[in-house]
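Colleague: Please take a close look at the interior of this model and describe how its side chains pack there, in one connected account. I would like the backbone and the polar contacts included wherever they bear on that packing.

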Amino acid sequence: MNFKTFYIILLFFCAAFVGAGFGFAKVYQQRQEGRSITLPEATAFPQVSEQIYQYLKNDNNGSLALVGNISFDDSILLNSYDATWKSFSCDDMLNPVSSYLSHQGCLVGSMNGTFAGEGKGRQNRSEFGYGGSKYYNAPDDFANMLGDYGFDMLAMANYHTYDSNYSGLCQTKKTVIQNGMVPVGIFEEEEDVCEYETKDFGGISAAVFSYTEALKFKPGE
């Protein structure tokens, strides 16, 4: 192979690599641009009138906030217990997030466990009569605290619903209501299963439904 032929082949491969590089760069840029789609603000919610859209955008009363699992396990019970006053308080844990919880149109939390009363759970710690290792039963102080921090509803259908048996479920529902919240997903009567709760906030009505894979009704437990 003479120098001229070698030079032509080299230029060919250089051109091919350069072209491929530009091609890959273009594909990469297109894919990056395709990762996010930004709609003009005026057309983001075309099914909602401009007046309603601006209202929801600027008024906290129209907000819906959902909070993940709320569980009062043994460590929380121990750390929040005041032996002198024989009471419980989680203010130190909730104060850092209080600004996120307050001023919501509707605040919904997912509650693991029961408010069955002192000594009423399946498994209790002797020092204060509540339990939170395998079966969760929290003191009423915590229900009062959740109400004070602005919770409107508690979704309670989960694998801890029957931690204090049927009687504990009934007492839990009563305690939640007494503290100004709506329990969702727990029922005293079989015919009430799958009923949902509604909440009006900011001129909007929302339906909240909480369910689990299996439901049982054995009042004798």
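Modeller: In this predicted model, N165 lies in helix α7, and its phi is near 65°, a positive value in a residue other than glycine. That deserves notice because most residues other than glycine have a negative phi. With a relative accessible area of 24%, N165 is partly exposed, whereas Y166, also found in helix α7, counts as buried at 11% relative accessibility. The C-alpha atoms of Y166 and E188 are 8.1 Å apart in space, although 22 residues separate the two in sequence.

Helix α7 (165–178) also leads into the interior, since it is one of the elements that each supply at least two residues of the largest nonpolar core, and that core should be set out before its supply. The core has 30 residues, and those touching the most other members are F72, F115, F142, M145, L146, F151 and L154. Besides α7, the elements supplying at least two residues each are β1 (64–71), α3 (74–80), β4 and α6. Such an arrangement fits a general pattern, in that nonpolar side chains tend to be buried together in soluble globular proteins. F72 gives a view of the core from one of its members: leaving out residues up to four places away in sequence, F72 touches L77, C90, M111, F115, G131, G132, Y136, A138, F142, M145 and L146. A second core, separate from this one, has seven residues, among them C106, V108, V184 and A206.

F72 has an aromatic side to its packing as well, being part of one aromatic cluster with Y81, F88, F128, Y130 and F142. The structure holds six aromatic pairs. One of them joins F88 and F128 edge-to-face, with 5.5 Å from centre to centre and 85° between the planes. This pair links distant parts of the chain, as F88 is in strand β3 (residues 87–88) and F128 is in the loop between β4 (106–112) and β5 (131–132), 40 residues apart. F88 counts as buried at 10% relative accessibility, and F128 counts as buried at 4%. F88 pairs with Y130 too: their ring centres are 5.8 Å apart and their planes stand at 90°, so this pair is also edge-to-face. Here again distant parts of the chain are linked, with Y130 in the loop between β4 and β5, 42 residues from F88 in strand β3. Both F88 and Y130 are buried.

The cysteines invite a separate remark. C90, which F72 touches, is buried with a relative accessible area of 3%, and C106, a member of the second core, is buried with a relative accessible area of 1%. The count of disulfides nevertheless comes to zero, the criterion being a pair of cysteine sulfur atoms within 2.5 Å.

C106 brings us to a polar residue, D152, which is found in the loop between α6 (140–148) and β7 (153–155). At 18% relative accessibility D152 counts as buried, because the limit for that class is under 20%. The side chain of D152 reaches the backbone nitrogen of L107 at 2.8 Å. Neighbours within four places in sequence aside, D152 is in contact with G105, C106 and L107, with G180, M181 and V182, and with K199.

How values were computed: Residues numbered from 1 in each chain as written. Predicted model: local features only at pLDDT ≥ 70, side-chain atom pairs only at ≥ 80, totals over all residues. Heavy atoms only, no water. Buried < 20%, exposed > 50% of the residue type's maximum accessible area, 1.4 Å probe, protein only. Helix = DSSP H or I, 4+ residues; strand = E, 2+ residues; numbered from the N terminus. Polar contact = N/O pair within 3.5 Å; in protein donor to acceptor, adjacent residues only side chain to side chain. Contact = heavy atoms within 4.5 Å. Phe/Tyr/Trp six-rings, centres within 6.5 Å; stacked < 30°, edge-to-face > 60°. Core = buried A, V, L, I, M, F, W, Y, C linked by side-chain atoms within 4.5 Å.
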